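Here are a few worked exercises for you to try with the model open. Have a go at each task before reading its solution.

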Amino acid sequence: MIVLAGCTPTTGSASPAAGTATTATTASTATACAARVETGSLPDWADAGFSGDARVPHVFGAKGDIVAVLFAHPLRQVRTDGSNNKILWVARAATTSPDPTAPATLVITARLDGTDTRVTREVAGGPGPSIIDLPEAGCWRLDLRWSGHTDTMDLVYAP
């Protein structure tokens, strides 16, 4: 399901449990945005810690070097059931840093499709477990940066 929502820019910040959050606005770029949530087996490089045939909802980065394992699916802008938007970020082990001085922190710059809303989330220590809350429902384009690597992916947050 894809939910597209228009909104006015925000200046507040949501505070995810596993990282820091900042919010800013910039000019919007109108592009098609669609999350491709897969439910098949995780690739071998991403299934450490899972047993058997690990079939959990997940989304691959455009380059295929990172995967977001969605423990909360669908992701929601507001969660009233006491759960959270837990995402396990797994990067390919072969993607060692091309720049040893680059910070390991996973920096996520998310843009709400069709709006000027842009927020930044950080996962300290790089890809790993996180709680990623975003301020509006809709389709979010994520620019991901960690250890000198970059990738992109789209995630949809339901209302």
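**Exercise 1. Find the antiparallel neighbours of β6, and work out whether the strand is buried or exposed.**

Start with strand β9 (residues 138–146): β6 runs antiparallel to it, and 6 bridges join the two. Keep in mind that this is a predicted model.

Next, look at strand β7 (residues 117–123), which also pairs with β6 in the antiparallel sense, over 6 bridges.

Now pick R111 as a landmark. Its opposite number in β9 is R141, while in β7 R111 faces R118.

Then check burial. Of the 7 residues of β6 (residues 106–112), 6 are buried, so the strand is largely enclosed by the rest of the structure.

Finish at the hairpin of β6 and β7: there are 4 residues between the strands, and G114 has a positive phi near 80 degrees.

**Exercise 2. Take T109 and say which residues it touches.**

First, place T109: it belongs to strand β6.

Second, judge its exposure. The cut-off for buried is under 20% relative accessible area. T109 comes in at 10%, so it counts as buried.

Third, list the contacts, skipping anything up to four places away in sequence. T109 touches R118, V119, T120, R141, L142, D143 and R145.

**Exercise 3. How many aromatic pairs does a search of the whole structure find, and how is the pair of F50 and F71 arranged?**

The search gives 2 aromatic pairs. In the pair made by F50 and F71, the ring centres are 6.2 Å apart and the planes are at 10 degrees. Planes under 30 degrees apart count as stacked, so F50 and F71 form a stacked pair.

Now see what the pair links. F50 sits in the loop between β1 (20–25) and β2 (58–60), and F71 in the loop between β3 (66–70) and β4 (75–76), so the pair ties together parts 21 residues apart in sequence.

On exposure, F50 is partly exposed at a relative accessible area of 24%. F71 is also partly exposed, with 42% relative accessibility.

One last thing about F71: the charged end of K86 sits over its ring, 5.1 Å from the centre.

**Exercise 4. Trace the open sheet of 4 strands and name its edge strands.**

Go through the sheet in order and you get β2-β3-β5-β8, with antiparallel pairing. The edges are β2 and β8 (129–131), each of which pairs on one side only. From one strand to the next, the twist averages 25 degrees.

Zoom in on β3 and strand β5 (residues 86–91): these run antiparallel and are joined by 5 bridges. For a concrete example, A68 has W89 of β5 as its bridge partner.

**Exercise 5. Check the backbone: which peptide bond around P74 is cis, and what is phi at S147?**

Begin with P74, in the loop between β3 and β4. The bond to look at runs from H73 to P74: omega is near 5 degrees, making the bond cis.

Move on to S147, in the loop between β9 and β10 (149–158). Here phi is near 45 degrees, a positive value in a residue other than glycine. At 17% relative accessibility, S147 counts as buried.

How values were computed. Residues numbered from 1 in each chain as written. Predicted model: local features only at pLDDT ≥ 70, side-chain atom pairs only at ≥ 80, totals over all residues. Heavy atoms only, no water. Phe/Tyr/Trp six-rings, centres within 6.5 Å; stacked < 30°, edge-to-face > 60°. Buried < 20%, exposed > 50% of the residue type's maximum accessible area, 1.4 Å probe, protein only. Lys NZ or Arg CZ within 6 Å of the ring centre and 35° of its normal. Pairing = 2+ DSSP bridges. Axes fitted to C-alpha atoms, helices over the stretch in contact; angles between N-to-C directions. Contact = heavy atoms within 4.5 Å.
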